[in-house]
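Here's a quick tour of a two-chain model, written for someone who'd rather look than compute. Have the viewer open as you read.

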Amino acid sequence: MQHRTDREVPTANLTADGLQRRFAVLLERFTRRELQILLDALERSDADPGQELHRGGDPIDTLYLIWEGRLALAMPVGNEIIALGTLGPGEFIGTAAVIDPGPAMVTLTVIEPSILLRLDRAGLQALRKAQPRVGGQLLRALSLDLAERLRLYEEGMAERTQPADVGEFIRLCRPLLGIKDISP
Amino acid sequence: MNAALEFADFLQSVPAFAEFTPAELAVLDRAMAVDHYPDDHQFISEETRGTAIFLIVEGKVIATHRRAKLRGVDVIEYLGPGDLFGLVALIDHRREWATYRAMGPVVAASLPYNVFDLLFTANAPIAYHFQGLIAAQLVHDLRACTQTLAKAFAQRIPD
């Protein structure tokens, strides 16, 4: 996996306030000071269209906050690759990976020039050790997101036995992967 | 198991609690109530708002969700010693996400929601460690759902 990282790029827009505005739901409980600490822990990564951040099955441990751009998600299922949708500014992916590293469930591909804010497992652990409150707040925020995803999935499954076709599989899978738009 | 005497030892043996200090484990030992439950005991119902999270010490627990019309109750996952449940409602303060029932006799420790919230609000390091456990268990639940869904769908695709 190649990342074009550049910590020296001016971060005029990457402010604590900007971070909270961009990721309003995830970071709504953070104070300005906590946001600054979190921002300092994140690594900026600029990515170009066509770049694969990882493939389904790859070992991964990184949370991506999408500051700008768009990523496409696809899942290998049986002999098929199912396109599940896209994520854009203000959305994030890799919650499970950063909390409990393991094989990627999806292939993640950049489809628009993107600015991503990365936090890998080591970074999370360092944050939790150096700033327990901020690390705890982040884990709580990510846990809330996970809880919401589980509820959306169960609501989607409530009347079903199993996905009847590709469209239904995609609709059911989207909340599990943090794709908020679950419309067809 | 002599619950009162051995729960602290159990906590020390669970890998998920490895990052807890002995002092924090002692706090958990005091805060959590260990009880024995009979076969088929319902710990949590998805119809209600629970009051505590549970840590399985011995035995097996089945997590199910009611599918309203089509096939009755659906198994989400099976949980065993060291697994936590009752976490979704703890986090989002809504009704429970699933129903949890004992499969045979179970020993489990419970921690009331309000005690956890108090620890978190009080900026207690133990609460942040516990938050890590909760997040990891939610990831486990999420992966179980994703794998179940993908497997069900894959079975419908002809080779």
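Let's start in chain B, where α4(B) passes α5(B) in a left-handed crossing. (Left-handed means the near helix is turned anticlockwise from the far one by less than a right angle; clockwise would be right-handed.) Helices here are DSSP runs of H or I with at least four residues, strands are E runs of at least two, and both are numbered from the N terminus. The touching residues are B:F116, B:L119 and B:F120 on α4(B), and B:I126, B:A127 and B:F130 on α5(B). Contact means C-beta atoms, placed from the backbone, within 7 Å. By type, that patch has six nonpolar residues, no polar and no charged ones. Nonpolar covers Ala, Val, Leu, Ile, Met, Phe, Trp, Tyr, Cys and Pro; charged covers Asp, Glu, Lys and Arg; the others, Gly among them, are polar.

A word on where this comes from: it's a predicted model, with local features needing pLDDT of at least 70 and side-chain atom pairs pLDDT 80 or more, while totals for chains, interfaces and linings use all residues. Residues are numbered from 1 along each chain as its sequence is written, and chains are lettered from A and ligands numbered from 1 in the order in which they are written.

Now for the place where the chains meet. Chain A puts 38 residues into the contact and chain B puts in 33. On the chain A side, β5 (62–77), α3 (95–99), α5 (132–157) and α6 (166–176) each supply at least two residues. The biggest giver is α5(A), with 18 residues. That side of chain A divides into 20 nonpolar, seven polar and eleven charged residues.

Chain A as a whole has six helices and nine strands. Of its 184 residues, 41% are buried, where buried means 20 or more other C-beta atoms within 10 Å, exposed means 12 or fewer, and partly exposed is in between.

Back in chain B, which residues other than glycine have a positive phi? Two to look at are B:D40 and B:H93.

| Residue | Phi | Loop in chain B | C-beta neighbours within 10 Å |
|---|---|---|---|
| B:D40 | about 75° | between β1 (33–37) and β2 (42–44) | 11 |
| B:H93 | near 55° | between α3 (87–92) and β6 (99–112) | 12 |

With those neighbour counts, B:D40 counts as exposed, and B:H93 is exposed too.

Conventions
Two residues are in contact if their C-beta atoms, placed from the backbone, lie within 7 Å.
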